[in-house]
Amino acid sequence: MASKGYIKLASGHQMPLVGFGLWKVPKETAADTVYNAIKAGYRLFDGAYDYQNEKEAGQGIQKAIKDGLVKREEIFVTTKLWNNYHRKDVAVKMAKWQNEQWGLGYIDLYLIHFPVSLKYIPHEERPYPAWWLDDAGTIETERVPIRETWEALEQVVDEGIAKSIGVSNFQAQSIYDLLTYNRHPLSSLQIEHHPYLVQPELVKLAQENGVAVTAYSSFGPQSFLEIQNKRAVDAPLLFDHNVVKKVAEAHKVTPAQVLLRWAVQRGVAVIPKSNNQSRLAQNLEVVDFDLSPAEIESISSLDKGLRFNDPIVYLPNKPLRIFA
Ligand code: NAD
C-alpha cells in the first residue's frame with residue numbers, strides 16, 4: 001500500500017518510495033555523497049556487497065546521525081547478498097559482516113541479489129569477485145537451492161540483523177515457488193524497470209501478493225552507457241524520446257522526473273543514482289505531480305522487452321540465462 005512518499009512492506013515496516021542507488025558510486029567519495037544526499041532529503045540508500053562501498057556509505061550515514069541531521073530510524077538501508085554466498089551458513093555470516101560494515105546496528109532490507117548461486121569462495125580470499133571466480137574469468141555455479149538461501153535470510157531476520165527481506169532479479173516462477181514455503185514475508189522485489197522493460201505482469205504478480213516492487217535503472221540505457229553495455233549503446237536514450245519529452249514539457253519537469261514519476265505513481269519505488277547535487281535534488285521531487293492515465297499509458301507503450309542488466313550480455317564465455 002502506497003502512502004505519499006512511503007510504501008508499507010509486508011513485514012510491517014515503511015519504505016521510502018524514492019531512494020538513492022549506490023552502484024558505481026566510488027568508495028572514495030561514497031561517504032560524502034551519502035552525507036550530501038541525506039542533506040538533500042534522501043532517506044533510503046540502496047547498496048550491495050557487489051558495489052564495494054557499504055562501509056563508506058555507512059560512514060556517511062553515521063556522520064549525518066552524529067551531526068543531528070537524521071535519526072537511525074529515519075534512514076532505510078537496503079543491501080544485497082552476492083551470488084557466491086548463497087549457502088546457508090555463508091549467507092548468515094555475510095549478512096553479519098555486511099551489517100558490521102554499515103555500522104548502523106541493523107539492515108532495513110536484505111535482498112538476494114540474483115537467483116543464481118555461484119561457487120563459494122571466501123570473500124577474505126577473493127573480495128568482490130563479481131561473476132568471476134578468478135582473473136581468467138572462470139564462472140562456476142554451485143548447487144544451492146534458492147530455498148536454502150531464503151531460509152538463511154529468515155534466520156537473518158530472526159537474529160535481528162535485518163528487519164525485512166526480499167529478492168532481486170527474480171521472475172514469476174521462482175516467486176510463486178518461494179511463496180509456498182516462506183516463513184517471513186517476501187517484502188520486496190527489486191527489478192530492472194523502465195519504459196523499455198515494463199514487465200507489467202511481473203509487477204502485477206508482485207503487487208497482488210503484497211510484495212513491494214522497486215525499480216532499478218529507471219533511466220534505461222543511461223546507466224549502462226558508462227560500462228559500454230552493448231544493448232545500451234544501440235538504444236535511443238529515454239531522456240531524448242519524444243513521448244517522454246512531451247510529458248516533461250506539459251508538467252514543466254525534466255524527462256528524468258517523468259521517468260521516475262511514471263514508476264512511483266504506480267506504487268513502484270525508485271532508487272536513482274547521481275553524483276551531481278542538482279540532479280540528486282530533482283530526482284527526489286517526484287511525489288508532488290501527477291501524470292494522467294493517458295500519459296502513463298503512452299510511456300508504458302514504449303516497452304520493447306529490452307533488458308540491459310542481462311548476464312547474457314556481459315558473460316559471453318559462459319552466459320547465465322537467468323531471464324530466459
Ligand atoms: P539510474 O537509472 O539511476 O541511472 C544513473 C545514470 O543516470 C547516471 O549516469 C546518472 O548520471 C544519470 N542521472 C541521474 N539522475 C539524472 C537526472 N536527473 N538527469 C539526467 N541524468 C541523470 O541507474 P542505475 O545506477 O543503474 O540504477 C539505480 C540503482 O539501482 C543503482 O545505483 C543500484 O543501487 C540499483 N541497481 C540494482 C541492480 C540489481 O541487480 N538489483 C542493478 C542495477 C542497479
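UniProt, in an unreviewed entry, lists residues 19-303 as "domain: NADP-dependent oxidoreductase". In this predicted model, the end C-alpha atoms of that span lie 24 Å apart. Helix makes up 41% of the span and strand 13%.

**Sheet**

An open sheet is built from 8 strands with parallel pairing. Their order is β4-β5-β6-β7-β8-β9-β10-β11. The edges are β4 (20-21) and β11 (269-270), and each of these pairs on one side only. Strand β4 runs parallel to β5 (residues 44-46), and 2 bridges join the two. Across this pairing, G21 stands opposite D46 of β5. Strands of a sheet pair through backbone hydrogen bonds, in either a parallel or an antiparallel way.

**Core**

The largest nonpolar core holds 108 residues. Within this core, F45 and Y110 touch the most other members. Helix α10 (residues 255-264) supplies the largest share, 7 residues.

**Ligand site**

Which residues are closest to the ligand? They are D46, S168, S217, S223 and E226, out of 28 that surround the ligand. D46 is also the residue opposite G21 in the sheet. The table gives polar atom pairs between protein and ligand.

| Protein atom | Ligand atom | Distance |
|---|---|---|
| Y51, polar side-chain atom | nitrogen atom | 3.3 Å |
| S168, polar side-chain atom | nitrogen atom | 2.8 Å |
| F219, polar backbone atom | oxygen atom | 3.2 Å |

On its own, the ligand has 840 Å² of accessible area, and the protein covers 94% of this. S168 thus appears both among the closest residues and in a pair at 2.8 Å from a ligand nitrogen atom.

Key:
Residues are numbered from 1 along each chain as its sequence is written. This is a predicted model: local features need pLDDT of at least 70, side-chain atom pairs count only at pLDDT 80 or more; totals for chains, interfaces and linings use all residues. Side-chain values use heavy atoms; hydrogens and water are left out. Two strands pair if DSSP finds at least two bridges between them. Helices (H or I, at least four residues) and strands (E, at least two) are DSSP runs, numbered from the N terminus. A nonpolar core is a set of buried Ala, Val, Leu, Ile, Met, Phe, Trp, Tyr and Cys residues joined through side-chain atoms within 4.5 Å. Buried means under 20% relative accessible area, exposed over 50%, partly exposed in between (1.4 Å probe, protein chains only). UniProt positions are given in the numbering used here, feature names are shortened, and annotations may be inferred rather than shown by experiment. A residue is near a molecule or strand if one of its heavy atoms lies within 4 Å of it. A polar contact is a pair of N or O atoms within 3.5 Å; within protein, one must be able to donate a hydrogen and the other to accept it, and residues adjacent in sequence count only if both atoms are side-chain atoms. Accessible areas come from the Shrake-Rupley method with a 1.4 Å probe; for residues, only the protein chains shown count as cover.
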